There are 2 protein chains.
Amino acid sequence: MADTPDYTIDATETSLDLLEMLAESPDPLGVTTLADRLDVSKSVVHNHLSTLRARGYVLKRGNRYEPSLRSLSLGSQTRAKIPVYQSARQQLDNLAAASGETSVLFVLEETEGVPTYIAEAAEGWSPQYREGERLPLHINAPGKAILSSLPDDRIDDVLDAADLVAPTSATMTEPAELKAALRSVRDDTVAFCRGEQYEGIVGVATAVSTSDTDHVAAIGVCGPVDRLNGRYLEEDIAGQVLSTAKSIQVALTSQ
Amino acid sequence: MADTPDYTIDATETSLDLLEMLAESPDPLGVTTLADRLDVSKSVVHNHLSTLRARGYVLKRGNRYEPSLRSLSLGSQTRAKIPVYQSARQQLDNLAAASGETSVLFVLEETEGVPTYIAEAAEGWSPQYREGERLPLHINAPGKAILSSLPDDRIDDVLDAADLVAPTSATMTEPAELKAALRSVRDDTVAFCRGEQYEGIVGVATAVSTSDTDHVAAIGVCGPVDRLNGRYLEEDIAGQVLSTAKSIQVALTSQ
DNA sequence: CCGAACCGTTCTTCTCTACAGAACGGAAAT
DNA sequence: ATTTCCGTTCTGTAGAGAAGAACGGTTCGG
């Protein structure tokens, strides 16, 4: 009960708490466990689970509950409506095949970046993050590419709103330092990431500037530093990323 | 209010109604539209949207609301926990490349089949359904493969629970007819679909029998009849599907 | 083989939440 | 400039959802 009346629906929050808890848990959970963790009564948990089950969001095996793939359905539906996703998918598959490394599409959501499509190369590195997850923008190459493509005032907004966490020692946490980096990204049209998200993982990315101003996006390639290091120049990975971005833009504007 | 007390949470249902309505709508919707469609007051819609927004499930552009990719995140998390998905993904990419046609993994959920991974071939046909969607089991090849791998009594349960809808004139709607078909699927270890889901689209599938009894699964290949017709024999597509299933089973049991 | 502990479900009582509807205020349209 | 539309805020009230006890099935441990 804050002094700011917050017209927010408790029941919905409880249901979402349950759904998220089930999704995060590696294995199915029972009513008592959930009730304890959320600090509500068992009957409440039971009623919410019944509701979620009736709606197809939760499955029951014996007396354990687990999430269904219903939310994947909602997610796919939502993603399918994003024009840049439609255009980028195939192109990212090609990029992954050509570069031999994992290729990703990031989209801006609020003040964070969402990996919207991940094309894993056959022998490539698999990122820890999953499609749909929200990640800080300042710790990876596509995030920086997205940031650099924003107008200056929005960059400030985002940097203010985001807490500049540092997953590794290489992460830039100073706004000033970051903004300097972003200027050079804007000049070069490519962003790099050198172990700022995961130790030993590097990335190249570029913004996908599109007429669809609703969805600010970037694509990139990432992988272990020892695999990618020499190949930046030899095989011109940055060039491949740039030309892929170009193709996506062409596909987007031509339709 | 039915005579059966249904301990179900209205607020949660309203929130899910909103979320699903936004997901299904091709473009963002306003408060009034949503209130009209759901037949609730505007303030209720507003409160629910605020809640969903605070939780990151809904975005607001101007005064239109749209779903975020948050549910994709939940969905990916859930899917990542399914062992057969982990093993099948790469193999399905290979199958799609080798066969040149879209390859899919279906998993049984309640009494329906869920396309859990779709590997689209470069020039292949794109299915109308999306990952996570629930589809009837009797209208496609992987569905039939899943059905045939179930014990007889469960087949009856599923056929009773499902309404045997007929999207095309080729769909089998008679339980007896279907069960006869399932027997031959069990004998041959491959299931076929000949335009029973979409006119002119055919498929081959086989069950992935796994030690993970929680997830009954099948993989398959599908595409336009005129592309696949001769190639069944020439390139032995059914054989490719079978050997892919074998590899997946090996990968699953070896870990 | 029996008893105790556990857990999911059902049920009842009561409080407070979530709903409807009105009022407000800003933007867009005529 | 005036009207209309729509999102947001506010308020009273009915009824829904929370808590907790009680039930019944299953699974332990003795």
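**View 1. Ser43(A) and a base oxygen of DNA strand D.** In this predicted model, in which local features need pLDDT of at least 70, side-chain atom pairs count only at pLDDT 80 or more and totals for chains, interfaces and linings use all residues, a polar side-chain atom of Ser43(A) lies 2.8 Å from a base oxygen of DNA strand D. Residues are numbered from 1 along each chain as its sequence is written, chains are lettered from A and ligands numbered from 1 in the order in which they are written, and side-chain values use heavy atoms, with hydrogens and water left out. The phosphates of the strand are approached as well: a polar side-chain atom of Ser41(A) lies 3.0 Å from a phosphate oxygen of DNA strand D, and for a polar side-chain atom of Thr32(B) the distance to a phosphate oxygen of that strand is 2.4 Å. Two or more residues of the surface near DNA strand D come from each of these elements: H3 of chain A, and helix H1 (10-24), helix H2 (31-38), H3 and strand E2 (64-67) of chain B; helices (H or I, at least four residues) and strands (E, at least two) are DSSP runs, numbered from the N terminus.

**View 2. The surroundings of DNA strand D.** DNA strand D is surrounded by 21 residues, the closest being Ser43(A), Asp10(B), Thr32(B), His46(B) and Lys60(B), where a residue is near a strand if one of its heavy atoms lies within 4 Å of it. Of the strand atoms within 4 Å of the protein, 62% belong to sugar or phosphate, and the rest belong to bases. The residues of this surface divide into 8 nonpolar, 9 polar and 4 charged, with Ala, Val, Leu, Ile, Met, Phe, Trp, Tyr, Cys and Pro counted as nonpolar, Asp, Glu, Lys and Arg as charged, and the others, Gly among them, as polar.

**View 3. The surroundings of DNA strand C.** Around DNA strand C there are 22 residues, and the closest are Thr32(A), His46(A), Lys60(A), Ser41(B) and Ser43(B). Sugar and phosphate make up 60% of the atoms of DNA strand C that come within 4 Å of the protein. A polar side-chain atom of Ser41(B) lies 2.9 Å from a phosphate oxygen of DNA strand C, while a backbone N or O atom of Asp10(A) is 3.0 Å from a phosphate oxygen of this strand. For Arg64(A), an N or O atom in the side chain is 3.4 Å from a phosphate oxygen of DNA strand C. By class, 9 nonpolar, 9 polar and 4 charged residues form the surface near DNA strand C.

**View 4. The relation of chain A and chain B.** A turn of 180° and a shift of 0.0 Å along the axis lay chain A on chain B with an RMSD of 0.0 Å, the copies being superposed by least squares on the C-alpha atoms of residues with pLDDT of at least 70 in both. This is the relation of a two-fold axis. The same surface serves both copies, as 100% of the contact residues of chain A recur in chain B, contact meaning heavy atoms within 4.5 Å.

**View 5. The interface of chain A and chain B.** Chain A and chain B bury about 5300 Å² between them, 53% of it on carbon and sulfur atoms; buried area is the accessible area (1.4 Å probe) that two parts lose on being put together, summed over both. Arg55(A), Leu69(A) and Leu72(A) supply 13% of the area that chain A buries against chain B, more than any other three residues.

**View 6. Salt bridges between the chains.** Across the interface of chain A and chain B there are 14 salt bridges, each a side-chain nitrogen of Lys or Arg within 4 Å of a carboxyl oxygen of Asp or Glu. In one of them, Arg55(A) pairs with Glu13(B), and the closest N and O atoms are 2.9 Å apart. Arg61(A) forms a salt bridge with Asp214(B), where the closest N and O atoms are 4.0 Å apart.

Technical notes: Polar contact = N/O pair within 3.5 Å; in protein donor to acceptor, adjacent residues only side chain to side chain.
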